[in-house]
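Hi,

Here is the structure we talked about. My notes follow below it.

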Amino acid sequence: MADPTSVGGSDLPSFEGWTCPLPLRDSPTIVMGHGGGGALSSELVEHVFLPSFRDEALARLGDSAVLDLAGLGGDRLAFTTDSFVVRPLFFPGGSIGELAVNGTVNDLAMSGARPLFLSTAFILEEGTDVTVVGAVAERVGAAAERAGVRVVTGDTKVVESGHGDGIYVNTAGIGLVPDGVDVRPDRAAPGDVVIVSGEIGVHGIAIMSVREGLEFGTALESDCQPLNGLVDAILGVTRDVHVLRDPTRGGVAASLNEIARAARVGIELDERALPIPDVVANACAFLGLDPLQVANEGKLLAFVPPAHAEAVLAAMRAHPAGLGASVIGRCVADHPGLVAATTGFGASRVVDLPLGEQLPRIC
Amino acid sequence: MKYLDEFQDPALARRLLDDIHATVTRPWAMMEVCGGQTHSIIRHGLDQLLPDGIELIHGPGCPVCVTPLEVIDKALEIAARPEVIFCSFGDMLRVPGSDGDLFRVKSAGGDVRVVYSPLDALTLARDNPDREVVFFGIGFETTAPPNAMTVHQARKLGIDNFSLLVSHVRVPPAIEAIMTAPVCRVQAFLAAGHVCTVMGTGEYPPLAERFGVPIVVTGFEPLDILEGIRRAVHQLEEGRHEVENAYPRAVAADGNPVAIRMLEDVFEVVDRSWRGIGMIPQSGWRLSERYREYDAEERFRVADIRTQESSVCRSGEVLQGLIKPHECAAFGTQCTPRNPLGATMVSSEGACAAYFLYRRLQPPPAREASTVG
């Protein structure tokens, strides 16, 4: 089997910026004992995770974090979890660490919630370099700080060599939904304006460009970023936002199809209005992929009643995470459950849910 | 990107369409040979913009679709062996054999890998000397040269644990088979541009002459396709039947002589079965005598596997242009991309998949039964 420490790829970013505050004593790589609950586990927590996450509730190392919600704004909890198995671990513009934080933060934000607390669970493969674990933990900590959330509890397990892919990360998150906010897929209604917060397909193509066997030269970096600030800006305009969705796996096509089905509405896109960067369009053209089906990690789709669309669009464009926001389509009463697009030539086509993994075609 | 946006320009498309509309005086049926062209036509909705009388018949040029069930079954058998690393392009993994697909073999523990070039498979063979690495070599004249070169390289580098499961096919014999079928509605061909990039255009004048059909070598972008249609329409209206090259930026009359020499060295022409169509004489390649030791069928003794195709699936008629995908009773019901009965529903180049993906909104009315030619 491949050397598990090589999962980050040969061009693993330099870890010069990260130094183990108290070098772990005998073991430069993860051993089974790091998950055993004994002294090695404690060392890993104290010397890798606590300094990275820097949170007082976490530092108390209780069996669970006890959190005070009074005065945080909102009576409804939003609660979500997600697991991250990305390969390679480090990619242009991000790593599994940023993904694990932003993925969960964004899931909370898409319910209109203000993300507050995260848990992280690391499943480490025996033999993984501790410096790699440390670098990922550091990225988790930095991403949490950027998103304004606290990592308040965590867990570590170790699996035998060959039973993992270096590092898997799970995060769960809790947020509070402000009063008057009711954002969910089945609220999409005919007439709603569909806005995307920026260029699509960037994350998926950036990852694909460094995947083993498919490396192609591109300066593209993942768009991985937290979207809770952008959602705040949107809800600052109006609380009457019907749907928010971050089009991650399956891309814009999957998200729109899910919304169309959940709300029993039709969605009509204008292909000419889709913000697809040239480099994404070109990569998709030679790989035989549809940019609408390529993953994003820092973009959102907003379904907004027409009366508020202009103001929401302006607020999005005024936020750093929404500079490239644009209107891409509309909700209609026709063809409920289906997403249609007007092609560049004025003809129409169905935009379907991708079936599974995207498969580069033969020729 | 140079040569991408320019060939999707709506204003230029309008001019080509205006010319086509102004030229057509009666109905014509023409076949785009290649699945890549079919995909582009349906994806951009080009057929919705043509005059009513111009019918595009979707041809058999999808490499995934025409690979016989029997070859898929051989692939499944080989891929399931513990000593084998089975390498394939991605879209072959979902093609159903008699009993599951390569994804299923993979989930049952088979070492099935998606590669992006046959040379990647050769590298795997070099790096895993204790394993047998097999590459699934399918497709037309377009994919055959790199596969030929890989076998050539394997010999040169002395990598013996590499072999090729070959199911290569050739376009000109398929055109002949379509034109000599008992029912043939095709009055002109848009030949597959990239096939001609390799082979040149020399194989086509005898076909145009013998069957009295215009053959226009056509590219894949929307403007390429409209230009191909435009030239075919002009020929039909003027009663000409010539070979024209509407894709000169990628096709030279002589093709790619180096690739052709490589093909002639590594492969030899044989009769091949096409999925849903049957045996077409001289329509494919297998490894030549000199390279036979790299033939996976012989190495793994699967040459005797024989398989019957589904009786419900009408992909053969779709591939011959006799019916449109939605005219098959199983289309969209028993047969979907999730549960494909035939390969035309699997590949993004397959006509059935293209109709399913892009055309459920307003299914075109069923064509009236008629035959021409």
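**Chain A: overall**

Among contacts in chain A between residues at least 6 apart in sequence, 86% join residues at least 24 apart. Keep in mind that this is a predicted model. Chain A has nine helices and 13 strands. Of its 363 residues, 56% count as buried.

The domain assignment splits chain A into domain 1 (4-177) and domain 2 (185-350).

**Strand β6 of chain A**

Start with strand β6 of chain A, residues 167-177. This strand is mostly covered, with eight of its 11 residues buried. Two strands pair with β6(A), as follows.

- Strand β1 of chain A (residues 76-84) pairs with β6(A) in the antiparallel sense, over nine bridges. A:Thr81 has A:Ala172 in β6(A) as its bridge partner.
- Strand β4 of chain A (residues 114-125) also pairs with β6(A) in the antiparallel sense, over 10 bridges. Here A:Arg114 stands opposite A:Leu176 in β6(A).

Keep A:Arg114 in mind. This residue returns below, in a salt bridge with A:Asp232.

**Between the two domains of chain A**

How far apart do the C-alpha centres of domain 1 and domain 2 of chain A lie? The distance is 28 Å. In contact are 19 residues of domain 1 of chain A and 23 residues of domain 2 of chain A. Together the two domains of chain A bury about 1,800 Å² between them. Carbon and sulfur atoms hold 59% of that area. On the side of domain 1 of chain A, A:Pro92, A:Asn106 and A:Met110 supply 32% of the area buried against domain 2 of chain A. No other three residues supply more.

Now the polar side. The count between domain 1 of chain A and domain 2 of chain A is one salt bridge. A:Asp232 forms a salt bridge with A:Arg114. Their closest N and O atoms are 3.2 Å apart. Across the interface of domain 1 and domain 2 of chain A, the rule finds five residue pairs in polar contact, with both residues at pLDDT 80 or more.

Which elements of domain 1 of chain A each supply at least two residues of the side that touches domain 2 of chain A? They are α3 (96-109), β4 and α4 (130-147) of chain A. The largest share comes from α3(A), with seven residues.

**Chain B: strand β8**

In chain B, look at strand β8, residues 215-218. Are its faces covered or open, and which residues lie on each? Both faces are covered. B:Ile215 and B:Val217 lie on one side, B:Val216 and B:Thr218 on the other, and all are buried.

Strand β7 of chain B (residues 188-192) pairs with β8(B) in the parallel sense over four bridges. B:Ala192 has B:Thr218 in β8(B) as its bridge partner. Strand β9 of chain B (residues 243-245) also runs parallel to β8(B), joined by three bridges. There, B:Ile215 stands opposite B:Val243 in β9(B).

**Chain B: a buried glutamate**

One last residue to check is B:Glu55, in strand β2 of chain B (residues 54-61). Why does B:Glu55 count as buried? Its relative accessible area is 15%, and buried means under 20%. The side chains of B:Glu55 and B:Lys324 are joined by a polar contact of 3.0 Å.

Best wishes

Key
Residues numbered from 1 in each chain as written. Chains lettered and ligands numbered in written order. Predicted model: local features only at pLDDT ≥ 70, side-chain atom pairs only at ≥ 80, totals over all residues. Heavy atoms only, no water. Buried < 20%, exposed > 50% of the residue type's maximum accessible area, 1.4 Å probe, protein only. Pairing = 2+ DSSP bridges. Domains from an automatic or database assignment. Contact = heavy atoms within 4.5 Å. Buried area = accessible area lost by both parts, 1.4 Å probe. Salt bridge = Lys/Arg side-chain N within 4 Å of Asp/Glu carboxyl O. Polar contact = N/O pair within 3.5 Å; in protein donor to acceptor, adjacent residues only side chain to side chain.
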